[in-house]
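Student: I'd like to learn how to read helix packing in a model. Can we go through a case together?

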Amino acid sequence: MSVESSAVDTTNRPGAPASNEELTATDASPREKVRQPGRWSLRGKTALVTGGSRGIGRAVVEELVALGAAMYTCSLEEEELGERLKEWQAMELPVAGSVCDVSVRDQREHLLREVTDHFGGRLDILVNNAGTAIRKSAMEHSAEEYSFLMATNLESAYHFIVFISSIAGVVGLFSGPIYGMTKASLNQLAKNLACEWSKGNIRTNSVAPGYISTSLTDRIFSDKELNDNIVRRTPIRRVGEPEDISSMVAFLCMPGSSYITGQTILVDGGMTINGFYPKYD
């Protein structure tokens with residue numbers, strides 16, 4: 001079900017088609033490619049970001065649009081998505097969107113049909129951002145909670161080429177074992193798809209955030225002792241922001257990263273490399 005789509009003229013705005021000069025440089029030498037103006041731009045590209053109405057997803061939407069992409073996003077929250085679309089439309093940003101529960105296969109397939117129609121059959125960038133967490137021990141999860149986490153965090157990702165994972169898929173965290181398992185699976189999926197889909201010139205990568213300030217982590221950071229412990233374990237000595245993640249996603253979507261595929265890139269302020277290093281102030 002569509003909520004509201006922005007219908008702005010994208011000529012000479014983010015998402016406008018690239019010029020012929022930018023599109024006819026596929027045979028350029030490596031040295032010439034470095035000097036191409038479109039190397040660090042998404043101008044003329046189309047993108048779909050799931051869960052784009054808040055947090056990391058919203059930051060990714062706005063980052064990619066700022067770099068020139070035309071955007072489609074979805075959210076489970078109809079009212080919140082409607083508010084975001086109105087804000088973006090007021091800013092004359094080329095963002096459209098619809099309501100979708102990515103844990104439901106039929107809704108995912110309907111979403112892809114909507115996106116295909118919206119962009120006239122062309123889609124360059126897909127970012128699997130939508131996800132959730134249930135912080136319980138392994139034995140406390142019900143069968144329904146297990147299925148919900150698997151469907152939302154893992155099964156929905158089969159359609160996407162940039163995965164938003166988590167450091168919980170790389171090291172043990174108290175985020176819950178099922179959550180960690182789904183994120184580790186995304187990291188492995190990126191590796192396998194990078195090999196299987198390379199012949200179609202498709203790159204797949206996974207971005208694994210550390211502790212990022214979003215609505216999903218508000219409860220964690222409200223605990224001062226826990227928040228202080230997280231910061232103390234992080235060499236950069238702060239909690240991350242959604243924009244710390246969106247910039248990495250944008251980099252992986254740009255032509256300048258064309259030799260990177262199948263990777264899990266940790267954006268965590270150094271938390272996962274700090275085995276035991278207590279004196280770095």
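**Reading helix packing**

Tutor: Sure. In this predicted model, α3 and helix α4 (residues 78–90) pack at an angle of about 20 degrees, their axes 13 Å apart. Axes are lines fitted to C-alpha atoms, for helices over the stretch in contact, and angles run from 0 to 180 degrees between N-to-C directions. Helices (H or I, at least four residues) and strands (E, at least two) are DSSP runs, numbered from the N terminus.

Student: What does that angle make α3 relative to α4?

Tutor: Angles under 35 degrees count as roughly parallel, over 145 as roughly antiparallel, 65 to 115 as roughly perpendicular and the rest as oblique. So α3 is roughly parallel to α4.

Student: Is the crossing of α3 and α4 left-handed or right-handed?

Tutor: A crossing is left-handed if the near helix is turned anticlockwise from the far one by less than a right angle, and right-handed if clockwise. Here the crossing is right-handed.

Student: Which residues make the contact?

Tutor: Contact means heavy atoms within 4.5 Å. On α3 look at R58, V61 and E62, and on α4 at R84, E87 and W88. By class, that's two nonpolar, no polar and four charged residues. Ala, Val, Leu, Ile, Met, Phe, Trp, Tyr, Cys and Pro count as nonpolar, Asp, Glu, Lys and Arg as charged, and the others, Gly among them, as polar.

Student: And how does α3 pack with α10?

Tutor: Helix α3 (residues 55–66) meets helix α10 (residues 242–253) at about 50 degrees, with axes 8 Å apart. That makes α3 oblique to α10, and this crossing is right-handed. The α3 side of the contact includes G55, I56 and A59, while P242, E243 and I245 are among the residues from α10. The contact divides into eight nonpolar, three polar and two charged residues.

Student: Which residues of α3 are buried?

Tutor: Buried means under 20% relative accessible area, exposed over 50%, partly exposed in between (1.4 Å probe, protein chains only). In α3 the buried ones are I56, G57, A59, V60, V61, L64 and V65. Across the chain, buried residues make up 46% of the 281 residues.

Student: Any fine print?

Tutor: Residues are numbered from 1 along each chain as its sequence is written, and side-chain values use heavy atoms, leaving out hydrogens and water. Since the model is predicted, local features need pLDDT of at least 70 and side-chain atom pairs count only at pLDDT 80 or more, while totals for chains, interfaces and linings use all residues.
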